[in-house]
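Please give a short report on this structure for someone who has not seen it before. Cover the pocket, the surface and the annotated spans.

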Amino acid sequence: MTKTPIITARDVDVFYGQKQALDKINLEIPENKVTSLIGPSGCGKTTFLRCINRMNDLVDICRVEGEIKIADQDIYAANVDVVALRSQVGMVFQKPNPFPKSIFDNVAYGPRIHGLTSSKAEMEELVEWSLIKAGLWEEVKDRLQETGTGLSGGQQQRLCIARAIAVKPRVVLMDEPCSALDPIATAIIEELIDELRKNFTIIIVTHSMQQAARVSQRTAFFHMGNLVESGPTKTIFTSPKDERTQNYITGRIG
Amino acid sequence: MTAKAQSNPTDFIINTGNRTKIGESILKLTMILCSLVAVGVTIGIVLSLVVEAIEFFKKIPITEFLFSTEWSPQTALRTDQVAAEGKFGVIPLFTGTLLISAIAMVVATPLGLASAIFLAEYASKRSRDVIKPMLEILAGIPTVVYGFFAALTVAPFIRWTGSSVGLEVASESALAAGLVMGIMIVPLISSLSDDVINAVPQAMRDASMGLGATQAETIRQVILPAAIPGIAGSLLLAASRAIGETMIVVMAAGLAANLTANPLDAVTTITAQIVALLTGDQEFDSAKTLSAFALGLLLFMATLLLNYFSLRIVKKYREQYD
């Protein structure tokens, strides 16, 4: 485990048209840890998350300024291939969104477009590895050809996680991955997140303070487009420096 | 407010008489009558088609109508005339219809699909706001205008081009009619397919792009497969429109009932023949006139089947995402 952060954001501003959504964000994210982004709705945490794999490029009116470096490379530099970036920085969305394809094809989608495997056997191995890592293998191994949309919500989300890690990214971004799930499915995913950090750096946006406390080692608190404070999760939850953080984690605002 | 808030029994009026009941039932009756007009007319048309077609099949056996390959519906002026009996084989008309519709679909499918994909996935809001209404204007051009465009501009052009490379082209070719008909149904395909592509949830695009797929890969591997049932539905609707189209073929395809697959020959279609059979003064009990009803029935059943299947496909697709 390296001590230097894998992701560094410096003075990141984001605008939607005239409206400023993020104001001078400076944040360092360590490798192979889970970092959670918390804060009230509309505080900019999802916007920040979507800067890290440049999903904001897909929004016409969105403009990003400042600098985000992953492994010392500026991801907004002119020579960056967004497609390659997104294969290194995977994403799991708020609502499970499996393709209306078979379970196998869902997981194989990313490796196929990036040409990661050279034979059918290799692909099968990779799909199995991803599903095992996502804790879904035992449940689906006998029905890989069935459609992914037929799974339960929690299974669908684990399928989406399998799909994301099949590309073997360095970083996995998770945008409130449990908000559409029941407590049992949530618990399974949280365990999974803890397991996944051995192989991946994980950044998770969550509305649940308990979830942030349970799964993450580092926490960053956003409020109205500002990064109020960040640090080890324990410190943020037990002795926050800023009054706004204090108010939010004790449930007085947000 | 305070006075009403107290429970005074005289404020609690619920026996206001029949005002609502009478109004409601008049409205309801009017609406039932209106919808019955449509249903009644449809039934009437079908019945008249069937009854007259049965009359026709009394004169000409249905097997001859369906399976014989010659169409020349002239009636005799004198009983001893040569070729006194008309020939009523529908096959050349049917193949003519299919040939022209096929040409139209070959033209319209790529154009319509490409514009739909462009509009739904690539076009900026600005260009979409310009292009979409333009395509819809194309749908609003009267077919008779398409017809003389086909007959007076496209057909001579094809004939001229053909002769300059040594091909013999009929002055009224299936190709001319098919090309123009193809242009006519482009907006039908593009507009329906555009709706279907737009109905694919944004989450699918995000998922694919988030995995590092390019936009082209996303369209080819995620969006089109998800939209294909709806697109197939729109193609079938367009095909049934092409099969039933009349004005263009009357003006540009000619009346010669040739059994051919050569798009440079003149062919005729079911619709064009119906027009020819019923224009001018007619005896209403001759096989020639009655054959129009048999043709109409055949056409009606063909397009009905196509519409039925296309609507079923579209509906099945809708259920997937609702």
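Five helices each supply at least two residues to the lining of the largest pocket in this predicted model. Chain A gives helix H2 (82-88). Chain B gives helix H4 (91-122), helix H5 (125-140), helix H8 (202-210) and helix H9 (215-244). The space in this pocket is about 640 Å³. The lining has 25 residues, and those closest to the pocket centre are A:Leu58, B:Glu121, B:Gln202, B:Arg205 and B:Gln215. Sorted by class, the lining holds 11 nonpolar, six polar and eight charged residues.

Next, the surface. Chain B carries a nonpolar patch of about 660 Å². Its members are B:Leu29, B:Ile32, B:Leu33, B:Leu36, B:Val39, B:Ile43 and B:Leu47. B:Leu47 sits in helix H2 (residues 19-59) of chain B.

Now the annotations. All of these come from unreviewed UniProt entries. In chain A, UniProt places "domain: ABC transporter" at residues 7-249. In chain B, the record gives "domain: ABC transmembrane type-1" for residues 94-310. UniProt also lists "transmembrane region" for residues 29-51, 98-123, 135-158, 178-201, 222-243 and 290-309 of chain B.

How do some of these spans look in the model? The table gives their helix and strand content, with the distance between the end C-alpha atoms.

| Span | Helix | Strand | End C-alpha distance |
|---|---|---|---|
| Chain A, residues 7-249 | 38% | 26% | 25 Å |
| Chain B, residues 94-310 | 79% | 0% | 21 Å |
| Chain B, residues 222-243 | 100% | 0% | 32 Å |
| Chain B, residues 290-309 | 100% | 0% | 29 Å |

The chain A domain span thus has both helix and strand. The chain B domain span is 79% helix with 0% strand.

Note on methods:
Residues are numbered from 1 along each chain as its sequence is written. Chains are lettered from A and ligands numbered from 1 in the order in which they are written. This is a predicted model: local features need pLDDT of at least 70, side-chain atom pairs count only at pLDDT 80 or more; totals for chains, interfaces and linings use all residues. Side-chain values use heavy atoms; hydrogens and water are left out. On a 1 Å grid over the protein atoms alone, a cavity is a set of points where a 1.4 Å probe fits but cannot get out, and a pocket is an open set with protein on both sides within 12 Å along at least five of seven lines; lining residues have an atom within 4 Å of a point. Grid points are joined across faces, edges and corners, and a volume is the space filled by probe spheres set on the points. Helices (H or I, at least four residues) and strands (E, at least two) are DSSP runs, numbered from the N terminus. Ala, Val, Leu, Ile, Met, Phe, Trp, Tyr, Cys and Pro count as nonpolar, Asp, Glu, Lys and Arg as charged, and the others, Gly among them, as polar. Patches are made of residues with over 30% relative accessible area and no salt bridge: like charges are joined within 9 Å, nonpolar side chains (Val, Leu, Ile, Met, Phe, Trp, Tyr) within 5 Å. Accessible areas come from the Shrake-Rupley method with a 1.4 Å probe; for residues, only the protein chains shown count as cover. A salt bridge is a side-chain nitrogen of Lys or Arg within 4 Å of a carboxyl oxygen of Asp or Glu. UniProt positions are given in the numbering used here, feature names are shortened, and annotations may be inferred rather than shown by experiment.
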